[in-house]
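Visitor: I should like a close look at one part of this structure, namely the place where the two chains meet. Please describe that part in full and then set it beside the charged pairs within a chain.

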2 protein chains.
Amino acid sequence: MMDYTKEEKERFMREALKEAHIALKLEEIPIGCVIVKDGEIIGRGHNAREELQRAVMHAEIMAIEEANSQTSSWRLLDATLFVTIEPCVMCSGAIGLARIPQVVFGATNQKFGAAGSLYDILTDERLNHRVAVESGILEEECAQMMQEFFRNRRKK
Amino acid sequence: MMDYTKEEKERFMREALKEAHIALKLEEIPIGCVIVKDGEIIGRGHNAREELQRAVMHAEIMAIEEANSQTSSWRLLDATLFVTIEPCVMCSGAIGLARIPQVVFGATNQKFGAAGSLYDILTDERLNHRVAVESGILEEECAQMMQEFFRNRRKK
């Protein structure tokens, strides 16, 4: 597991925010994700459920799919996943299945979060993979993008 | 939600078992799935994690992806998902996100099941989608295929 500095974490979270911004432009719920290994981004993703009409196409799943493809392996050992918003149940399950050891997220999701809010999937000792979780990196920017989206949607 | 007879449920579970058999031949953990709408199969899937080196490629995810593609919609309203083994955390989350109203599974998974065993994701009232769950359809055949796989693996 890499021990990134606060500056490095913020730099990678800004890359995740760029992905969230792509989703925002497409009128998707603006969540973005990057997966980093040895300081290099090996997967990027943004929520694309409406664009692609694929229920599973959350930011984290898109990034995991790309990282699996890039490394030709389903196991993402030594990788760190940066995501703007706390992962949901599906994505938390996927992170464990991909054996990702470290997750950094921006803002919590009180309604659907499964990395501490509704559930604590990533640290469940009964599952055969545990993940180190850190939150609060660029929290305000990550949360603001969501607030902007829902404010605009209510206006329509 | 469709009210299929016991014979119909067994017929669809046999189709899921055919998918599980494909996985078994590929030396994957043998789990299979079909998604049915108005009596027609709109998605099929088998576990293909090793074959495709994709961490998320469980039977249910493959079937949901095909059903989304077939119907050009991320919402699988009025669909029933048949799967040989109780869904894991990721797949239970995906079933809810795809708005599938009904799940029928064969055998429970005491170690990783999230539809009653470790978690009860599909009926969690805090999530914004609840699923009717039935288990025990062709339970023995479904469980036997898993036992055969793990027995063969231990021999190697």
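Guide: The account below begins with the relation between the two chains, goes on to their interface, and ends with salt bridges and backbone angles.

This is a predicted model, in which local features need pLDDT of at least 70 and side-chain atom pairs count only at pLDDT 80 or more, while totals for chains, interfaces and linings use all residues. Residues are numbered from 1 along each chain as its sequence is written, chains are lettered from A and ligands numbered from 1 in the order in which they are written, and side-chain values use heavy atoms, with hydrogens and water left out.

Two copies of a chain are related by a rotation about an axis and a shift along it. Here, chain B is superposed on chain A by a rotation of 180° with 0.0 Å of shift along the axis, at an RMSD of 0.0 Å. The two copies are thus related as by a two-fold rotation axis. The superposition is by least squares on the C-alpha atoms of residues with pLDDT of at least 70 in both copies. Within chain B, the residue that comes closest to the rotation axis is Met90(B), whose C-alpha lies at 2.0 Å.

At the interface, 32 residues of chain B are in contact with 32 residues of chain A, contact meaning heavy atoms within 4.5 Å. The copies meet through the same surface, because 100% of the interface residues of chain B are also interface residues in chain A. Between them the chains bury about 2800 Å², with 63% of this area on carbon and sulfur atoms. Gln53(B), Trp74(B) and Tyr119(B) contribute 22% of the area that chain B buries against chain A, more than any other three residues. Buried area is the accessible area (1.4 Å probe) that two parts lose on being put together, summed over both.

Polar and charged pairs also span the interface. There are 12 residue pairs in polar contact between chain B and chain A, both residues being at pLDDT 80 or more. A polar contact is a pair of N or O atoms within 3.5 Å; within protein, one must be able to donate a hydrogen and the other to accept it, and residues adjacent in sequence count only if both atoms are side-chain atoms. Two salt bridges cross the interface, where a salt bridge is a side-chain nitrogen of Lys or Arg within 4 Å of a carboxyl oxygen of Asp or Glu. One such pair joins Glu65(A) to Arg54(B), at 2.4 Å from N to O.

Helix H2 (49-52), helix H3 (59-71) and helix H4 (89-97) of chain B each supply at least two residues of the side that touches chain A. H4(B) gives the largest share of that side, five residues. Sorted by class, the side of chain B that touches chain A has 17 nonpolar, seven polar and eight charged residues. Ala, Val, Leu, Ile, Met, Phe, Trp, Tyr, Cys and Pro count as nonpolar, Asp, Glu, Lys and Arg as charged, and the others, Gly among them, as polar. Helices (H or I, at least four residues) and strands (E, at least two) are DSSP runs, numbered from the N terminus.

Over all chains, the salt bridges number 18. Lys6(A) pairs with Glu10(A), the closest N and O atoms being 3.1 Å apart. These two residues are four apart in helix H1 (residues 6-25) of chain A, so about one helical turn separates them. Lys6(A) is exposed, at 53% relative accessible area, and Glu10(A) is partly exposed, at 23%. Buried means under 20% relative accessible area, exposed over 50%, and partly exposed in between (1.4 Å probe, protein chains only).

Lys9(A) forms a salt bridge with Glu134(A), at 2.7 Å from N to O. This pair links distant parts of the chain, with Lys9(A) in helix H1 and Glu134(A) in strand S5 (residues 132-135) of chain A, 125 residues apart. Lys9(A) is buried, at 11% relative accessible area, whereas Glu134(A) is partly exposed, at 29%.

A further salt bridge joins Lys18(A) and Glu15(A), at 3.0 Å from N to O. Both lie in helix H1 of chain A, three residues and about one turn apart. Salt bridges that share partners join Glu15(A), Lys18(A), Glu19(A) and Arg44(A) into one network.

Finally, most residues other than glycine have a negative phi. Glu27(B), however, has a positive phi, near 60°, and sits in the loop between helix H1 (6-25) and strand S1 (32-37) of chain B.
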